[in-house]
Amino acid sequence: SAPSQAPTITTPSGRICAQLIDVNGTSLPGARVRLDYGSIFFTTTASATGAFTYKIPLSGQAGYHVIRVRTVGADGTLSAAAELKLNLDCAGPRVLRASFDRNVNQLTIVFSNDIKPESLTTGATGSVQLVMSDDRVIGGTISVTGANVVVTPAENLAESTFTLRVTRAVQDQQGRPLDTIHTQLFTFGD
(Lines give C-alpha, C1' and ligand atoms only; values in the text may rest on other atoms or scores of the structure.)
Protein backbone atom coordinates (compact mmCIF):
# COMPACT_ATOMS: atom_id res chain seq x y z
CA SER A 1 0.00 0.00 0.00
CA ALA A 2 0.99 3.66 -0.29
CA PRO A 3 3.25 5.20 2.35
CA SER A 4 1.59 7.49 4.88
CA GLN A 5 4.12 10.25 4.23
CA ALA A 6 3.43 12.69 1.37
CA PRO A 7 5.96 13.17 -1.41
CA THR A 8 8.13 16.31 -1.34
CA ILE A 9 7.49 19.09 -3.87
CA THR A 10 10.47 21.26 -4.80
CA THR A 11 8.59 23.58 -7.20
CA PRO A 12 7.94 26.79 -5.24
CA SER A 13 4.39 27.91 -4.50
CA GLY A 14 3.37 31.46 -5.31
CA ARG A 15 2.33 33.83 -8.04
CA ILE A 16 2.95 32.82 -11.66
CA CYS A 17 1.93 33.71 -15.18
CA ALA A 18 2.31 30.58 -17.32
CA GLN A 19 0.43 28.04 -19.42
CA LEU A 20 2.46 25.11 -18.08
CA ILE A 21 4.23 24.41 -14.81
CA ASP A 22 6.94 21.85 -14.13
CA VAL A 23 6.03 20.09 -10.89
CA ASN A 24 9.24 18.63 -9.44
CA GLY A 25 9.81 16.66 -6.29
CA THR A 26 10.80 13.40 -4.68
CA SER A 27 8.97 10.26 -3.63
CA LEU A 28 9.98 6.64 -3.12
CA PRO A 29 12.42 5.35 -5.78
CA GLY A 30 10.49 3.91 -8.76
CA ALA A 31 7.08 4.79 -7.26
CA ARG A 32 4.10 5.94 -9.27
CA VAL A 33 3.21 9.55 -8.48
CA ARG A 34 -0.26 11.04 -8.96
CA LEU A 35 -0.73 14.78 -9.53
CA ASP A 36 -4.30 16.08 -9.04
CA TYR A 37 -5.27 19.41 -10.59
CA GLY A 38 -8.93 20.25 -10.25
CA SER A 39 -11.00 17.33 -11.47
CA ILE A 40 -8.22 15.77 -13.58
CA PHE A 41 -5.10 13.87 -12.60
CA PHE A 42 -1.80 12.89 -14.18
CA THR A 43 0.65 10.13 -13.27
CA THR A 44 4.38 9.79 -13.65
CA THR A 45 7.04 7.49 -12.26
CA ALA A 46 9.79 8.54 -9.88
CA SER A 47 13.36 7.74 -10.93
CA ALA A 48 15.67 5.29 -9.18
CA THR A 49 16.66 8.15 -6.87
CA GLY A 50 13.00 9.07 -6.19
CA ALA A 51 13.03 12.28 -8.25
CA PHE A 52 10.05 13.09 -10.43
CA THR A 53 8.95 15.86 -12.74
CA TYR A 54 5.75 16.43 -14.67
CA LYS A 55 4.67 19.33 -16.86
CA ILE A 56 1.05 20.23 -16.00
CA PRO A 57 -1.02 22.42 -18.34
CA LEU A 58 -2.74 25.18 -16.36
CA SER A 59 -6.34 26.19 -17.04
CA GLY A 60 -5.51 29.82 -17.86
CA GLN A 61 -8.19 31.01 -15.44
CA ALA A 62 -6.81 33.69 -13.12
CA GLY A 63 -6.93 32.98 -9.41
CA TYR A 64 -5.73 30.46 -6.87
CA HIS A 65 -4.99 26.89 -7.93
CA VAL A 66 -3.82 23.85 -5.96
CA ILE A 67 -1.96 20.84 -7.33
CA ARG A 68 -1.94 17.86 -4.95
CA VAL A 69 0.80 15.25 -5.29
CA ARG A 70 0.56 11.74 -3.84
CA THR A 71 2.50 8.50 -4.02
CA VAL A 72 0.42 5.60 -5.42
CA GLY A 73 0.79 2.21 -3.75
CA ALA A 74 0.86 -1.07 -5.74
CA ASP A 75 -2.69 -1.71 -4.51
CA GLY A 76 -3.91 1.69 -5.75
CA THR A 77 -3.99 3.38 -2.36
CA LEU A 78 -2.75 6.96 -2.08
CA SER A 79 -0.36 8.56 0.37
CA ALA A 80 -1.04 11.86 2.10
CA ALA A 81 -0.95 14.79 -0.32
CA ALA A 82 1.69 17.45 -0.70
CA GLU A 83 0.22 20.71 -2.04
CA LEU A 84 1.57 23.17 -4.56
CA LYS A 85 -0.39 26.42 -4.18
CA LEU A 86 -0.35 28.81 -7.13
CA ASN A 87 -1.83 32.22 -7.84
CA LEU A 88 -2.25 32.33 -11.61
CA ASP A 89 -2.01 36.04 -12.39
CA CYS A 90 -0.99 37.35 -15.80
CA ALA A 91 -2.43 40.81 -15.26
CA GLY A 92 0.05 43.66 -15.14
CA PRO A 93 0.19 46.27 -12.41
CA ARG A 94 -2.40 49.02 -12.01
CA VAL A 95 -2.24 52.45 -10.45
CA LEU A 96 -4.31 52.18 -7.27
CA ARG A 97 -4.02 55.86 -6.34
CA ALA A 98 -1.91 58.94 -6.86
CA SER A 99 -1.67 62.04 -4.68
CA PHE A 100 0.30 65.29 -4.86
CA ASP A 101 1.58 66.98 -1.71
CA ARG A 102 1.88 70.63 -2.71
CA ASN A 103 3.70 71.48 0.55
CA VAL A 104 6.74 69.36 -0.36
CA ASN A 105 6.29 69.22 -4.16
CA GLN A 106 6.08 65.41 -4.26
CA LEU A 107 3.78 63.07 -6.12
CA THR A 108 3.10 59.63 -4.62
CA ILE A 109 1.87 56.80 -6.85
CA VAL A 110 0.74 53.49 -5.36
CA PHE A 111 0.68 50.50 -7.72
CA SER A 112 -1.02 47.13 -7.26
CA ASN A 113 2.31 45.23 -7.56
CA ASP A 114 5.97 45.91 -6.79
CA ILE A 115 7.43 47.93 -9.65
CA LYS A 116 10.69 47.35 -11.53
CA PRO A 117 12.63 50.58 -10.78
CA GLU A 118 14.42 50.65 -14.15
CA SER A 119 11.04 50.86 -15.94
CA LEU A 120 10.33 54.25 -14.33
CA THR A 121 11.58 57.34 -16.14
CA THR A 122 10.34 60.91 -16.35
CA GLY A 123 10.25 63.49 -19.12
CA ALA A 124 8.57 63.76 -22.52
CA THR A 125 9.29 60.13 -23.48
CA GLY A 126 9.30 58.78 -19.92
CA SER A 127 6.98 56.21 -18.41
CA VAL A 128 5.84 58.82 -15.85
CA GLN A 129 4.93 62.16 -17.40
CA LEU A 130 3.92 65.40 -15.68
CA VAL A 131 2.12 67.37 -18.40
CA MET A 132 1.52 71.07 -17.81
CA SER A 133 -1.51 72.97 -19.15
CA ASP A 134 0.70 74.38 -21.97
CA ASP A 135 1.64 70.75 -22.94
CA ARG A 136 5.20 70.99 -21.59
CA VAL A 137 6.34 67.77 -19.93
CA ILE A 138 8.27 68.16 -16.67
CA GLY A 139 10.96 65.68 -15.63
CA GLY A 140 11.98 64.83 -12.09
CA THR A 141 13.55 62.27 -9.81
CA ILE A 142 11.94 58.99 -8.84
CA SER A 143 12.35 56.77 -5.79
CA VAL A 144 10.79 53.32 -5.58
CA THR A 145 9.94 51.22 -2.54
CA GLY A 146 8.08 48.11 -3.68
CA ALA A 147 4.72 49.28 -5.03
CA ASN A 148 5.16 52.86 -3.80
CA VAL A 149 6.73 55.43 -6.10
CA VAL A 150 7.61 59.02 -5.16
CA VAL A 151 8.21 61.54 -7.93
CA THR A 152 9.84 64.88 -7.13
CA PRO A 153 9.23 67.21 -10.09
CA ALA A 154 12.19 69.15 -11.50
CA GLU A 155 10.11 72.32 -11.10
CA ASN A 156 7.98 73.45 -8.17
CA LEU A 157 4.41 72.54 -9.14
CA ALA A 158 2.86 73.68 -5.84
CA GLU A 159 0.83 76.39 -7.60
CA SER A 160 0.32 74.63 -10.93
CA THR A 161 -2.33 72.56 -12.64
CA PHE A 162 -0.88 69.48 -14.33
CA THR A 163 -1.79 66.00 -15.54
CA LEU A 164 -0.06 62.84 -14.39
CA ARG A 165 0.26 60.27 -17.18
CA VAL A 166 1.64 56.80 -16.39
CA THR A 167 2.33 54.80 -19.56
CA ARG A 168 2.33 51.06 -20.21
CA ALA A 169 6.16 51.17 -20.20
CA VAL A 170 5.97 50.75 -16.40
CA GLN A 171 6.60 47.11 -15.48
CA ASP A 172 6.21 45.03 -12.36
CA GLN A 173 8.99 42.78 -11.02
CA GLN A 174 7.90 39.96 -13.39
CA GLY A 175 8.21 42.27 -16.42
CA ARG A 176 4.47 42.61 -17.02
CA PRO A 177 3.51 46.05 -18.40
CA LEU A 178 0.97 48.35 -16.79
CA ASP A 179 -2.55 47.06 -17.58
CA THR A 180 -3.86 50.42 -18.78
CA ILE A 181 -2.50 53.94 -19.14
CA HIS A 182 -3.31 56.03 -16.06
CA THR A 183 -4.17 59.72 -16.44
CA GLN A 184 -5.06 62.00 -13.53
CA LEU A 185 -5.55 65.77 -13.38
CA PHE A 186 -4.19 67.74 -10.41
CA THR A 187 -5.89 71.16 -10.38
CA PHE A 188 -4.45 74.09 -8.43
CA GLY A 189 -6.98 76.06 -6.43
CA ASP A 190 -9.61 73.32 -5.89
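Which strands, in what order, make up the open sheet of four strands? The order is β9-β10-β14-β13, and the pairing is antiparallel. This is a predicted model. The points below cover that sheet, then strand β11 and its partners, then Ser79 in its loop.

**The four-stranded sheet**

- β9 (95-101) and β13 (140-145) are the edge strands of this open sheet. Each of them pairs on one side only.
- Neighbouring strands of the sheet are turned by 15° against each other on average, with direction ignored.
- Strand β10 covers residues 106-111. β9 and β10 are joined by six bridges in the antiparallel sense.
- Within that pairing, Ser99 has Thr108 of β10 as its bridge partner.
- Strands of a sheet pair through backbone hydrogen bonds, in either a parallel or an antiparallel way.

**Strand β11: burial**

- β11 spans residues 128-132 and is mostly covered. Five of its five residues are buried, which means that each falls under 20% relative accessible area.
- The side chains split between two directions. Val128, Leu130 and Met132 point one way from β11. Gln129 and Val131 point the other way.
- Both groups are buried. Gln129 is among these buried residues.

**Strand β11: pairing**

- β11 pairs with β15 (residues 162-166) in the antiparallel sense, over five bridges.
- In that pairing, Val128 is bridged to Val166 of β15.
- β11 also pairs with β12 (residues 137-138), again in the antiparallel sense, over two bridges.
- Here Val131 of β11 stands opposite Val137 of β12.
- β11 and β12 form a hairpin, with four residues between the two strands. In the turn, Asp135 has a positive phi of about 75°.

**Ser79: a buried loop residue**

- Ser79 sits in the loop that runs between β7 (63-72) and β8 (82-88).
- Is Ser79 buried or exposed? Its relative accessibility is 4%, so Ser79 counts as buried. The cut-off for buried is under 20%.
- A polar atom of the Ser79 side chain lies 2.8 Å from the backbone nitrogen of Thr71.
- Beyond its neighbours within four places in sequence, Ser79 is in contact with Arg70 and Thr71, among others.
- Other contacts of Ser79 include Ala2, Pro3, Gln5, Ala6 and Pro7.
- Thr71 therefore appears twice for Ser79, which counts as buried: as a contact, and through its backbone nitrogen at 2.8 Å from the side chain of Ser79.

Definitions and conventions:
Residues are numbered from 1 along each chain as its sequence is written. This is a predicted model: local features need pLDDT of at least 70, side-chain atom pairs count only at pLDDT 80 or more; totals for chains, interfaces and linings use all residues. Side-chain values use heavy atoms; hydrogens and water are left out. Buried means under 20% relative accessible area, exposed over 50%, partly exposed in between (1.4 Å probe, protein chains only). A polar contact is a pair of N or O atoms within 3.5 Å; within protein, one must be able to donate a hydrogen and the other to accept it, and residues adjacent in sequence count only if both atoms are side-chain atoms. Contact means heavy atoms within 4.5 Å. Two strands pair if DSSP finds at least two bridges between them. Axes are lines fitted to C-alpha atoms, for helices over the stretch in contact, and angles run from 0 to 180 degrees between N-to-C directions.
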